[in-house]
Amino acid sequence: MPSLEEWLRASWGDFCRRWLVLMAVAGVGGAATLAGVLLPLLAAGLAVMTGADPMTAVGLGTSVALALGLWLSTWTQAAVLRAVLFEEGAAEVLSSSWALTAGFAWVLSLFLLAAGGGFFLLVLPGIILSILLVAAPVYQMSGEAEGLRALELSWARVRPRFGAVSLRICLAGFVTLAPGWIPYVGWILAPLWAPFGIVATARLARDLRDAAPIEEPPRLKTLVAGLCLVCALGVAASGWGAVRTYRA
C-alpha cells in the first residue's frame, strides 16, 4: 500500500480535481431529497384543509415523505461516491447512479445492520466491523462486487492491514471535521469540505484492491445474518425500554 503521505496527497488531488462535480451532485441530490420530503407533507396539509380525514392524510403524506426521503438521500450518496470513482460530468453521474441506487442501498443496509449489531455487543465489535467493512460500498459502486460479496471483499482486504486502515480512517475523519471547528467561518467551510472523507475512503479502498487484487474473501453470510438479527433485536429492545420508561 502507498505510504500515509502518498495516500493523503492522492486523496487531496482527487478532491481538488472533482470538487465542482461533487458540489453539483450533492447540491442537486440534496435539493431533490428536500423536495421529496416537503412536497408530500405539503400535499397532506392541503388535503386536511380541504376536508380530508386528518389521520389518513397525514399518515399517507408522512409515509410517502419518508419513502422518498430515504430513496433520494441514498441516490445522492450513491451519486457522490460515483463522482469520486469515475471521471464523469455531474449530469452523467446523477443519471447513471439512479439505476445503481437499489444495489447501493442493499450493500449500505447490510453494512449498517452488521456494524449496528456489533455496537449492540458492547460497542468495540461495532467499531472493528465498521473498519473491516468500510470499503464495501466502494466495491459495489465501482462494479467489482454486489451485495454480500462486496462486504466479503472489504473484510478480506482490510483484515491483513487493519492497523494501517484504522489509522487512515481516523485521519480522514479528523481532516474532514477540522474545518468545522474554525470559529465564525467553520459552518461555511464544513459543507464545502465534507466530501473529502468520501474521497479519502474511496482512495483507500482502491489502494487495498491494488495491494490484494486476487485474495479470496471469506464467507460471511452466517456472521452478517447473525449481526443483523442482533441489531434488529437491539433496536426492538431499545424501543420497548423507551416506551416503558416513558409510561413510568
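Visitor: Is Trp187 buried or exposed?
Guide: In this predicted model, Trp187 is exposed, with a relative accessible area of 66%, and the residue is found in helix H9.

Visitor: Which residues form a nonpolar patch on the surface with Trp187?
Guide: The patch is formed by Ile182, Tyr184, Val185, Trp187, Ile188, Leu189 and Leu192, and together these residues have about 760 Å² of accessible area.

Visitor: And what about the protein overall, how much does it expose?
Guide: The protein exposes about 13200 Å², and carbon and sulfur atoms supply 74% of that area. On the other side of the ledger, buried residues make up 38% of the 248 residues in the protein.

Visitor: How many helices and strands are there?
Guide: The protein has 11 helices and zero strands, so its pattern, read along the sequence, is α-α-α-α-α-α-α-α-α-α-α, where each α is a helix. The C-alpha trace spans about 65 × 40 × 40 Å along its principal axes.

Visitor: Let's pick one helix, then. What is the reach of H8 from its first C-alpha to its last?
Guide: Helix H8, which covers residues 162–177 and has 16 residues, reaches 23 Å between those two atoms, and this is close to the 22 Å expected at 1.5 Å a residue.

Visitor: Which residues in H8 are buried?
Guide: Val165, Ser166, Arg168, Ala172 and Thr176 are the buried ones in H8. They cover an arc of only 165° around the axis, and therefore they sit on the same side of H8.

Visitor: Which exposed residues are on the face turned away from that side?
Guide: That face of H8 carries Gly163, Cys170 and Leu177, which are exposed.

Visitor: And what do the buried residues of H8 pack against?
Guide: They pack against five elements named here in order along the chain: helix H1 (4–49), helix H5 (124–132), helix H7 (147–158), helix H9 (186–193) and helix H10 (196–211). H9 is also the helix in which Trp187 is found.

Visitor: What share of contacts in the whole protein join residues at least 24 apart?
Guide: If we take the contacts between residues at least 6 apart in sequence, 74% of them join residues at least 24 apart.

Visitor: Switching to charges, how many salt bridges are there?
Guide: The count comes to 10 salt bridges. As background, side chains of opposite charge can pair when their charged atoms come close.

Visitor: What does Arg203 pair with?
Guide: The side chain of Arg203 meets that of Asp14 in a salt bridge, at 2.8 Å from N to O. This pair links distant parts of the chain, since Arg203 is in helix H10 and Asp14 is in helix H1, 189 residues apart.

Visitor: Is Asp14 buried or exposed?
Guide: Asp14 has a relative accessible area of 5%, and because buried means under 20%, Asp14 counts as buried. Its side chain also meets that of Arg206 in a salt bridge, at 3.4 Å from N to O. Arg206 lies in helix H10 and Asp14 in helix H1, so this pair ties together parts that are 192 residues apart in sequence. Arg206 is buried, as is Asp14.

Visitor: What about Arg17 and Glu87, where do they lie?
Guide: Their side chains meet in a salt bridge of 2.8 Å, N to O, with Arg17 in helix H1 and Glu87 in the loop between helix H2 (54–85) and helix H3 (90–98), 70 residues apart. Arg17 counts as partly exposed at 46% relative accessibility, whereas Glu87 counts as exposed at 56%.

Visitor: Which residues are linked in a network of salt bridges?
Guide: The network links Asp14, Arg17, Arg18, Glu87, Arg203 and Arg206.

Technical notes
Residues are numbered from 1 along each chain as its sequence is written. This is a predicted model: local features need pLDDT of at least 70, side-chain atom pairs count only at pLDDT 80 or more; totals for chains, interfaces and linings use all residues. Side-chain values use heavy atoms; hydrogens and water are left out. Helices (H or I, at least four residues) and strands (E, at least two) are DSSP runs, numbered from the N terminus. The expected span of a helix is 1.5 Å times one less than its number of residues. Buried means under 20% relative accessible area, exposed over 50%, partly exposed in between (1.4 Å probe, protein chains only). The arc is that of the directions from the helix axis to the C-beta atoms. Contact means heavy atoms within 4.5 Å. Patches are made of residues with over 30% relative accessible area and no salt bridge: like charges are joined within 9 Å, nonpolar side chains (Val, Leu, Ile, Met, Phe, Trp, Tyr) within 5 Å. Accessible areas come from the Shrake-Rupley method with a 1.4 Å probe; for residues, only the protein chains shown count as cover. A salt bridge is a side-chain nitrogen of Lys or Arg within 4 Å of a carboxyl oxygen of Asp or Glu.
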